[in-house]
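Please look through the structure below slowly, moving from the whole protein to some of its parts. The paragraphs that follow take the same route.

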Amino acid sequence: MKRVRAKKSLGQHFLTDLSIAQHIAETLSDYRDVPVLEVGPGMGVLTQFLIEERHDLTVVELDRESVEYLNASFPDLRERIISADFLHLDLKQVYGDKKFCVIGNYPYNISSQIFFKVLDYKDQVICCSGMLQREVAQRITAKPGNKTYGILSVLLQAWYDAEYLFTVDENVFNPPPKVKSGVIRLTRNSVSNLGCDERLFKTVVKTSFGQRRKTLRNSLSTLIAPGSAVLAADVFRQRPEQLSVSDFISLTNIVASNSSNTPTQ
């Protein structure tokens, strides 16, 4: 079976270093009893190690050429190869209400969207790990006060413990990307309820970082009732990167109590 041609339109960069693929597979070693969904397996460099680890594995791949390669290379997996776009896949149809893990060497061009989709299934995805562009990996795992701390950091860390595991250089890919990659792991925390309106929480976070160089008094003014004295509170003198997840939860409750009735996103 000939090798798959990497397609720029799909953000494909095939990992060639087997030891790195094995290390990525090992990020789910504690979850062998939980079904695993691999996103974008390509030619199966990570897939082979997930099979070796005896995971209950399903893979989803958009590229038809890659699907043909996987079918030929992993005949025992054929019934578990989903030819589809992960971003448009109804994971309830795959797993019902079961818990599962997500892993992958994620395409750089849609990695943020992949993690937003994971958030949609946060009550089922108990661990999500894999490799993505280093800057996005650093953004997801950043802590308050860091210049990369942003929307993804807060929304994901509200529900997951986020770890940056290691960096991967460009020269272990074919074709080599122009950026370094980072491997991360998200582990579902014990939070079942944020203690605030979740839709408003998302709106507050997105609105705050939409104008991250401004103080919260300026960026959130449209969400607060005109003339409200609450904008004089200390928290509104800060910029969004200074606030922790718990601070954003408290801020959401303040906004809810002094709302201008702006629709949530």
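The protein exposes about 12,900 Å² of surface, and carbon and sulfur atoms supply 46% of that area. This surface belongs to a predicted model, which is worth keeping in mind throughout the reading. Among the 265 residues of the protein, 49% are buried. The protein also carries 32 positive and 29 negative charges, and the mean positions of these two sets lie 8 Å apart.

Turning from the surface to the overall build, one finds ten helices and nine strands in the protein. The radius of gyration is 20 Å, close to the 18 Å that the globule rule gives for 265 residues, so the protein is as compact as a globular protein of that length. Taken along the principal axes, the box that its C-alpha atoms fill is roughly 70 × 40 × 30 Å. Of the contacts with a separation of 6 or more, 69% are between residues that stand 24 or more positions apart in the chain.

With this frame in place, consider helix α1, which spans residues 18–25 and has I20, A21, I24 and A25 as buried residues. Around the helix axis these residues cover an arc of only 140°, which puts them on the same side of α1. A general rule helps in picturing this: an α-helix has 3.6 residues a turn, so residues three or four places apart point the same way. The buried residues of α1 pack against one helix, α2 (47–52), and against the strands β1 (14–15), β5 (100–105), β6, β7 and β9.

Helix α6, made of residues 134–141, can be read in a similar manner, and its buried residues are V136, A137, I140 and T141. Seen down the axis of α6, they fall within an arc of 125°, so they line one face of the helix. These buried residues pack against the helices α5 (111–120) and α7 (151–157), and also against the strands β6 (125–133), β7 (160–168) and β9 (181–188). Strands β6, β7 and β9 therefore appear among the packing partners of α1 as well as among those of α6.

A last stop is a single residue, S219, which lies in helix α9, a helix formed by residues 216–219. Is S219 buried or exposed? Its relative accessibility is 2%, and because buried means under 20%, S219 counts as buried. If its neighbours within four places in sequence are left aside, S219 is in contact with T207, S208 and Q211.

Technical notes
Residues numbered from 1 in each chain as written. Predicted model: local features only at pLDDT ≥ 70, side-chain atom pairs only at ≥ 80, totals over all residues. Heavy atoms only, no water. Buried < 20%, exposed > 50% of the residue type's maximum accessible area, 1.4 Å probe, protein only. Helix = DSSP H or I, 4+ residues; strand = E, 2+ residues; numbered from the N terminus. Arc of directions from axis to C-beta. Contact = heavy atoms within 4.5 Å. Rg over C-alpha atoms; globule rule 2.2 N^0.38 Å. Areas by Shrake-Rupley, 256 points an atom, 1.4 Å probe, with all protein chains shown as cover. Lys, Arg positive; Asp, Glu negative; His and termini not counted. Charge placed at Lys NZ, Arg CZ, Asp CG, Glu CD.
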